[in-house]
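Me: Hi! Could you pick one part of this model and take me through it closely? I'd like to follow the side chains and see how they connect to their surroundings.

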Amino acid sequence: EEISLFKSLDDLFGTRYYKIVFITTAEKIGHWVLLTHASDKVVEYFDSAGKAPPEILLQWFSDAQVSDVQYSAARLQHKDSFNCGRFVLARISSQP
């Protein structure tokens, strides 16, 4: 889904505290990341490659009045790995 289709954090997350997002880099090629609604105006961006959120997401968060986007620069997966989806699922299952 295009991030621009969502108008607010409540609209984006619905009744769940997380959203799995596929960020495309080319046609049918991309990378799975996780957005977690940490608190009222705080979102955690999880990328197993250790990358910061792309500018389009940062702009959407700003427009949605998110006060803090937390992320880690720690790389968990090898650069030639295709396991990003597995890391996302592991991150969800590690949440309380």
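Reply: Happy to! Let's start at Tyr18, which is buried because its relative accessible area is 18%, below the 20% cut-off for that label. Please keep in mind that this is a predicted model.

Tyr18 leads us to the aromatic rings. Searching the whole structure gives 3 aromatic pairs. One of them is Tyr17 with Tyr18: the ring centres are 5.1 Å apart and the planes meet at 75°, so this pair is edge-to-face. Tyr17 itself counts as partly exposed, because its relative accessibility is 32%. Phe22 and Trp32 make an aromatic pair too, this one tilted, with 4.7 Å from centre to centre and 50° between the planes. Since Phe22 belongs to strand β1 and Trp32 to strand β2, their pairing ties together parts that are 10 residues apart in sequence. Phe22 is partly exposed at 33% relative accessibility, and Trp32 is partly exposed at 36%.

Now for the sheet in which those two strands sit. It is an open sheet of 4 strands in the order β1-β2-β3-β4, with mixed pairing. At its edges are β1 (18-26) and β4 (68-71), each of which pairs on one side only. From one strand to the next, the twist averages 30°.

Going across the sheet, β1 and β2 are antiparallel and share 8 bridges. Along this pairing, Val21 faces Val33 of β2 as its opposite residue. Next, β2 and β3 also run antiparallel, joined by 5 bridges, and a hairpin of 2 residues connects them. Here Leu35 has Tyr45 of β3 opposite. The last step changes direction: β3 and β4 pair in the parallel sense over 4 bridges, with Val42 opposite Asp68 in β4.

Strand β3 deserves a pause. In a regular strand, side chains alternate between the two faces of the sheet. For β3, both faces are covered: Val42, Glu44 and Phe46 are buried on one side, and Val43 and Tyr45 are buried on the other. That fits the count for β3, with 5 of its 5 residues buried.

What surrounds these side chains? Nonpolar side chains tend to be buried together in soluble globular proteins. The largest nonpolar core has 15 residues, and those touching the most other members are Leu12, Leu35, Val43, Trp60 and Phe61. The elements contributing two or more residues to this core are α1 (9-13), β2, β3 and α2 (55-63). Val43 shows how these pieces meet: beyond its neighbours within four places in sequence, its contacts include Leu9, Phe13, Leu35, Phe61, Val66 and Val69. Another core, of 5 residues, lies apart from that one, and Tyr18, our starting point, is among its members, along with Phe46, Val88 and Ile92.

Helix α3 (residues 84-94) comes into view here too. The helix lies across β1, β2 and β3 (42-46), at about 15° to β2.

Finally, let's visit a polar spot. His31 is part of strand β2 (residues 29-39) and counts as buried because its relative accessibility is 16%. The side chains of His31 and Asp47 are joined by a polar contact of 2.6 Å. Not counting residues up to four places away in sequence, His31 touches Val21, Phe22 and Ile23, then Asp47, Ser48 and Ala49, and also Gln77 and Cys84. Ser48, one of those partners, sits in the loop between β3 and α2. Ser48 is buried, because its relative accessible area is 1%. The side chain of Ser48 makes a polar contact of 2.4 Å with that of Gln77. With residues up to four places away in sequence set aside, Ser48 touches His31, Ala74, Arg75, Leu76, Gln77, Cys84 and Phe87. Gln77 and Cys84 therefore appear in the contact lists of both His31 and Ser48.

Notes:
Residues numbered from 1 in each chain as written. Predicted model: local features only at pLDDT ≥ 70, side-chain atom pairs only at ≥ 80, totals over all residues. Heavy atoms only, no water. Buried < 20%, exposed > 50% of the residue type's maximum accessible area, 1.4 Å probe, protein only. Polar contact = N/O pair within 3.5 Å; in protein donor to acceptor, adjacent residues only side chain to side chain. Contact = heavy atoms within 4.5 Å. Pairing = 2+ DSSP bridges. Axes fitted to C-alpha atoms, helices over the stretch in contact; angles between N-to-C directions. Phe/Tyr/Trp six-rings, centres within 6.5 Å; stacked < 30°, edge-to-face > 60°. Core = buried A, V, L, I, M, F, W, Y, C linked by side-chain atoms within 4.5 Å.
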